[in-house]
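This briefing sets out selected features of a two-chain model, grouped by topic. Please read it alongside the sequence and the coordinates.

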Amino acid sequence: MELSESRIGDATTLRVVGRVDSSVSKLLEQKVTDVIAIEGFIVVDVAEMSYVSSAGLRPFITLAKHAKAKNQTVSLCGVRDEIAEIFEISGLLDLFAVHDTVEAAIAALPR
Amino acid sequence: MLDRTTLRKTTFARLFEPADTRPRSLAAWIFLNIIVLAAYSLAGLVVVLFGIGPAKISPIYPPAGIAVAATFLLGPRILPAIFLGQFCNGFPLLSLPQTTLSMYALANSGTGVGSILEALIALGVLRALAGTWHPFDRARNVVIFLVGSCLAAACVGGTIGTLSLWAFGFVPSDELAETFVTFILADAAGIAVFGALILAWYREPRLNLHIVAHAVVILIATAAIASLETWLRYPIDYLYLPLLLFAGFRAGPRSVTLAAAAITIAAILVTIAGIGPFVGKTDAESILLLEVFVAVITFTGLLLVAVRAQQLEAEAALQAYNAMLEQRVSERTAEVAQKNRLLEEKQARIDDDLHTARILQESILPTDFSAYAGAGIAASMRPALEVGGDFYDVFPLGDGRLGLVIADVSGKGMAAAFFMAVTRTLLRGTALAGASLAECIAHVNRTLCRENPIDMFVTVLYAELDERTGAVNFVNAGHCEPIVTAPNGTARLLRRSGNPPLGVIADRVFAEHSLILAPGEMLFLYTDGVTEAANQAGEFFRVRRLVDVAQRFADRSPHDLMLAVTDSVDRFSVGTMQADDITCLVVRRNLAA
């Protein structure tokens with residue numbers, strides 16, 4: 001798994017690349033906690049996330065929970081079909097605003 | 001005005017402050033003056049007896065050393081003895097035919113005053129420039145002592161003395177220059193050799209075997225070299241040098257001053273006998289040669305001692321510093337040991353608490369399933385740490401119905417264990433209170449969302465099994481997909497239903513599903529500690545391997561299936577640390593039911 005973070009306007013974009021499983025979920029969890037601490041919107045780019053396991057879902061749940069508690073919008077973009085299915089059957093997809101691209105996600109943010 | 005007078009007095013007192021400042025009675029001072037006078041006169045007598053040539057001139061004048069040493073030790077109050085001693089020491093002049101008493105008295109009063117000034121200057125110079133009464137600790141002080149207290153002081157004393165003797169006709173004008181030089185150098189040598197000797201032994205008066213042995217060696221060696229020189233008639237005075245070095249390095253100021261004095265005396269005696277390198281064409285030449293030798297010997301010896309003293313001082317300081325460091329280290333070590341002990345005690349308490357927590361956690365997981373006639377049940381939970389965040393539960397709901405729970409709390413350790421206990425108790429309590437499956441899950445979810453300050457959540461699969469019909473109603477809240485096995489060796493996954501874990505969204509409605517377990521079919525529930533157990537290559541056990549095992553053990557007992565799964569996981573992940581809690585719950589609808 002690789003992580004990168006960028007900031008466009010008042011949105012923080014977190015790009016997740018590769019496999020997300022129990023071996024890296026702790027790392028992602030830490031990153032997510034850091035990102036939540038930043039004010040503004042959060043966009044998670046998972047276009048290059050190839051796989052997410054049960055344990056790998058946990059950071060996403062934490063992210064959604066915190067965002068909900070702070071009334072923050074979290075966008076998920078570039079979700080592949082198989083990843084979408086995992087989120088769907090885990091009951092997590094409707095916790096996020098889902099978009100095709102980062103640009104679309106940022107364009108859709110409330111101003 | 002008064003201040004200035006006091007200041008001048010203080011300065012004067014400091015400049016001529018002796019080594020011994022004890023207050024004394026007048027009688028004591030008189031007594032001390034008599035002692036010094038006796039010593040001074042005796043030394044003067046020796047000079048007369050051992051003088052060179054018909055004039056009995058000595059290359060060294062020990063009374064000058066005695067005068068300076070006495071002034072160094074006792075201060076200006078000893079000066080009367082010195083004046084009187086010098087006044088009397090001129091007695092050989094009385095034998096001259098032209099000497100009148102008044103001439104003698106005037107001339108020797110002059111030499112007496114010269115001696116007093118010499119002693120005062122000697123003390124004052126060392127006090128003013130070195131701030132001490134002896135020259136043995138610093139190389140710089142040795143130079144101050146030899147140049148100031150010996151040579152400069154002797155210049156004053158020698159000048160006054162010579163001029164006094166000349167003024168009253170005791171020194172012919174053509175011998176004036178020679179007398180000047182001899183007088184000054186003899187006084188300087190006397191102070192350097194005998195003054196230093198007395199000061200060194202006054203400074204360290206205590207005798208021990210070490211110093212006595214060294215003194216004996218020095219005296220015997222000096223005597224031996226002098227005797228050898230006399231016997232062989234070779235100029236072997238350079239042999240004194242190793243002796244001086246030995247004294248300086250091995251025994252300090254006392255032996256060096258002793259060696260210098262002994263060597264000086266030996267050299268004079270040998271020269272008087274007409275032997276050795278210091279025998280000149282005239283007596284005056286011999287005396288000058290001897291004086292240069294004495295000066296070199298004394299300077300070398302005292303410098304050696306001072307340098308050695310500085311070295312020893314530095315070594316002692318280094319040693320003290322090392323000892324201090326060692327002390328610090330041992331103190332710190334003790335501190336660290338103390339802290340370690342406290343940490344160990346604290347760790348022991350924590351371990352004890354964790355152990356108790358584990359026992360408590362194990363005790364709330366049911367292990368006896370014999371009461372359920374219609375279902376065969378096997379279960380196990382193995383935490384990755386001392387306590388786990390996984391749990392399972394089995395409880396009767398009445399009417400032949402059975403509640404089955406498997407759950408996985410986010411995170412691990414004490415927080416997870418605590419959250420696990422809360423969830424388990426809440427779920428069991430709500431279910432036993434008669435709530436329907438959907439109501440039960442919704443209530444637990446709402447409660448966990450509300451009373452959850454540390455943002456934890458839990459994946460839960462809660463199923464109700466009717467033992468008589470095999471009907472299973474279940475809600476899967478974000479948990480792993482259960483497996484259903486049939487005795488014919490097939491196994492299928494129950495797809496997840498789109499429910500999030502409990503404790504994430506408070507107002508969520510959870511989808512409920514159902515199925516029928518045929519007799520002999522098993523429902524296999526597990527946590528992701530099973531499917532995400534890693535091997536050394538970093539690969540996961542995965543659902544595929546789990547389904548394989550389930551198929552192979554589909555016709556066996558729930559217990560056999562459970563063991564087969566945990567054994568397979570253990571074999572797969574051998575050599576790695578268990579990363580997550582591993583939990584299984586297997587339920588079979590019995591054939592008999």
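Helices and strands here are DSSP runs, of at least four residues for a helix and at least two for a strand, numbered from the N terminus. The model is predicted. The points below cover a hairpin in chain B, the strand pairings of chain A, one helix from each chain, a buried loop residue of chain B and the contact between the two chains.

**Hairpin of chain B**

- Strands E6 (residues 483–486) and E7 (residues 490–493) of chain B are antiparallel partners, joined by four bridges.
- Within this pairing, B:Ile483 lies opposite B:Leu493 of E7(B).
- Three residues separate E6(B) from E7(B) in the hairpin, and the turn includes B:Gly489, whose phi is positive at about 95°.

**Strand pairings of chain A**

- Strand E1 (residues 2–8) of chain A pairs with strand E2 (residues 11–20) of chain A in the antiparallel sense, through seven bridges.
- A:Glu2 has A:Val17 in E2(A) as its bridge partner.
- The hairpin made by E1(A) and E2(A) has two residues between its strands, and A:Gly9 adopts a positive phi near 60° there.
- E2(A) also pairs with strand E3 (residues 41–45) of chain A, in the parallel sense and over five bridges; A:Ala11 is placed opposite A:Phe41 of E3(A).
- The connection from E2(A) to E3(A) passes through helix H1 (residues 25–37) of chain A, giving a β-α-β crossover that is right-handed.
- Strand E4 (residues 49–52) of chain A runs parallel to E2(A) and is joined to it by three bridges; here A:Arg19 faces A:Tyr51 of E4(A) as its opposite residue.
- In a regular strand, side chains alternate between the two faces of the sheet.

**Helix H2 of chain A**

- Helix H2 (residues 58–69) of chain A contains 12 residues and spans 16 Å from its first C-alpha to its last, close to the 16 Å expected at 1.5 Å a residue.
- H2(A) is largely enclosed by the rest of the structure, because nine of its 12 residues are buried.
- Among the buried residues of H2(A) are A:Phe60, A:Ile61 and A:Leu63, together with A:Arg58 and A:Lys65.
- The cover over the buried residues of H2(A) includes H1, E3 and strand E5 (74–77) of chain A.
- A:Asn71, just after H2(A), has a positive phi of about 60°.

**Helix H3 of chain B**

- Helix H3 (residues 62–74) of chain B has 13 residues, and its first and last C-alpha atoms are 18 Å apart, close to the 18 Å expected at 1.5 Å a residue.
- Since 13 of the 13 residues of H3(B) are buried, this helix is largely enclosed by the rest of the structure.
- B:Gly75 comes just after H3(B) and takes a positive phi of about 90°.

**B:Phe136, a buried loop residue**

- B:Phe136 belongs to the loop between helix H5 (101–130) and helix H6 (139–167) of chain B.
- B:Phe136 counts as buried because it has 23 C-beta neighbours inside 10 Å, where the cut-off is 20 or more.
- Beyond its neighbours within four places in sequence, B:Phe136 contacts B:Ala200, B:Arg203, B:Pro253, B:Val305, B:Ala306 and B:Ala309.
- B:Phe136 and B:Leu303 are 167 residues apart along the chain, yet their C-alpha atoms are separated by 8.1 Å.

**Contact between the chains**

- Chain B contributes 21 residues to the contact and chain A contributes 18 residues.
- On the side of chain B that touches chain A, nine residues are nonpolar, six are polar and six are charged.

Methods: Residues are numbered from 1 along each chain as its sequence is written. Chains are lettered from A and ligands numbered from 1 in the order in which they are written. This is a predicted model: local features need pLDDT of at least 70, side-chain atom pairs count only at pLDDT 80 or more; totals for chains, interfaces and linings use all residues. Two strands pair if DSSP finds at least two bridges between them. A crossover is right-handed if, with the strands pointing away from the viewer, the path from the first strand over the helix to the second runs clockwise. Two residues are in contact if their C-beta atoms, placed from the backbone, lie within 7 Å. The expected span of a helix is 1.5 Å times one less than its number of residues. Ala, Val, Leu, Ile, Met, Phe, Trp, Tyr, Cys and Pro count as nonpolar, Asp, Glu, Lys and Arg as charged, and the others, Gly among them, as polar.
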